[in-house]
Amino acid sequence: MTTERLELREFTYELAEQIVAGEREDTWAADYPTGGDVVVAQHVLRAQLRGEWVPYQLVLRESGTVIGGAGYHGPPNVEGTVEVGYGVAVSHQGRGYATEATRALVERAIELGAHRVVAHTDGSNAASRQVLENLGFALVRAEPQVEDGYYYMLTF
């Protein structure tokens, strides 16, 4: 998948092995992978995710630098709901990359037949909440005392 500034490159099983092993590439931002990317890599290794509903690396098209990740937590459930997540290395935050990547994921989910996209975020992460609100997600539940206690939904 590509956007104006990003390539969303499939997070392969081989890449997950590399990240978990702590092996770095020269094209990765100095602060990539983030802790969240390591968790995603571990999940990919356990679940052996394949096909359309996978996580992606966020790669700057202009430079080829890997700056984060975004993707689906798996295929849609029986109601057609799919969950998305995203994270950008601190050195590249505040430039709209998370919004751009999440917009592409939502558009792809619609093309693939999903009916609803959901996301969770921490109450302390105002930037993440702003990404979802900018894309038209509605806040469904807010439990500030709970990790990932802000639950957003976009129905189409």
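**Entry 1: an odd backbone angle**

I began with Asp148, which sits in the loop between β6 (138–142) and β7. The model I am browsing is a predicted one. Asp148 is not a glycine, yet its phi is positive, at about 55 degrees. I flagged it because most residues other than glycine have a negative phi. Is Asp148 buried or exposed? Neither word fits: its relative accessibility is 37%, so Asp148 counts as partly exposed.

**Entry 2: a cis peptide bond**

While on backbone oddities, I looked up the link between Tyr32 and Pro33, and it is a cis peptide bond with omega of about 5 degrees. Most peptide bonds are trans, so I gave this one its own entry. Pro33 belongs to the loop that runs between α1 (13–20) and α2.

**Entry 3: the sheet**

Next I wanted the strand order. I found an open sheet of 7 strands, arranged β1-β2-β3-β4-β5-β7-β6, and the pairing is mixed. Which strands stand at the edges? They are β1 (6–10) and β6; each has a single partner strand, so one side of each lacks a neighbour in the sheet. I also noted the twist: neighbouring strands are turned against each other by 30 degrees on average, with direction ignored.

**Entry 4: pair by pair**

I then went through some of the strand pairs.

- β2 and β3 run antiparallel and share 5 bridges. Here Gln57 faces Gly69 of β3.
- β4 (residues 81–88) and β5 (residues 116–121) are parallel, with 3 bridges. Glu83 has Val118 of β5 as its bridge partner. To get from β4 to β5 the chain passes through helix α3 (residues 97–111), and this β-α-β crossover is right-handed.
- β5 also pairs with β7 (residues 150–155), this time in the antiparallel sense over 6 bridges. Arg116 is opposite Thr155 in β7.

I like β5 as a place to see the mixed pairing: β5 is parallel to β4 and antiparallel to β7.

**Entry 5: the largest pocket**

Time for the pocket, which I suspect you would have opened before anything else. How much space lies in the largest pocket? The volume comes to about 1,100 Å³. I counted in 42 lining residues, and those nearest the centre are Gly69, Gly85, Tyr86, Gly87 and Val88. Gly69 is already in my notes as the residue opposite Gln57.

What is the lining made of? It divides into 17 nonpolar, 19 polar and 6 charged residues. For the polar number I kept in mind that Gly is counted among the polar residues.

Which elements supply at least two lining residues each? My list reads α2 (35–47), β2 (55–60), β3 (66–72), β4, α3, β5 and α4 (126–134). So the crossover helix α3 from Entry 4 is on the list as well.

**Entry 6: two helix residues**

Last, I picked two residues on helices and checked their accessibility and one C-alpha distance apiece.

Glu17 lies in helix α1. Its relative accessible area is 41%, so I put Glu17 down as partly exposed. From the C-alpha atom of Glu17 to that of Val44 I read 8.9 Å, with these positions 27 residues apart along the chain.

Leu45 lies in helix α2. Its relative accessible area is 21%; buried means under 20%, so Leu45 is partly exposed. The C-alpha atoms of Leu45 and Pro76 are 20 Å from each other, and the two residues are 31 apart along the chain.

Terms used. Residues numbered from 1 in each chain as written. Predicted model: local features only at pLDDT ≥ 70, side-chain atom pairs only at ≥ 80, totals over all residues. Heavy atoms only, no water. Pairing = 2+ DSSP bridges. Right-handed = clockwise from strand over helix to strand, strands pointing away. 1 Å grid on protein atoms, 1.4 Å probe; cavity = no way out; pocket = protein on both sides within 12 Å on 5 of 7 lines; lining within 4 Å. Points joined across faces, edges and corners; volume = space filled by probe spheres on them. Buried < 20%, exposed > 50% of the residue type's maximum accessible area, 1.4 Å probe, protein only. Axes fitted to C-alpha atoms, helices over the stretch in contact; angles between N-to-C directions.
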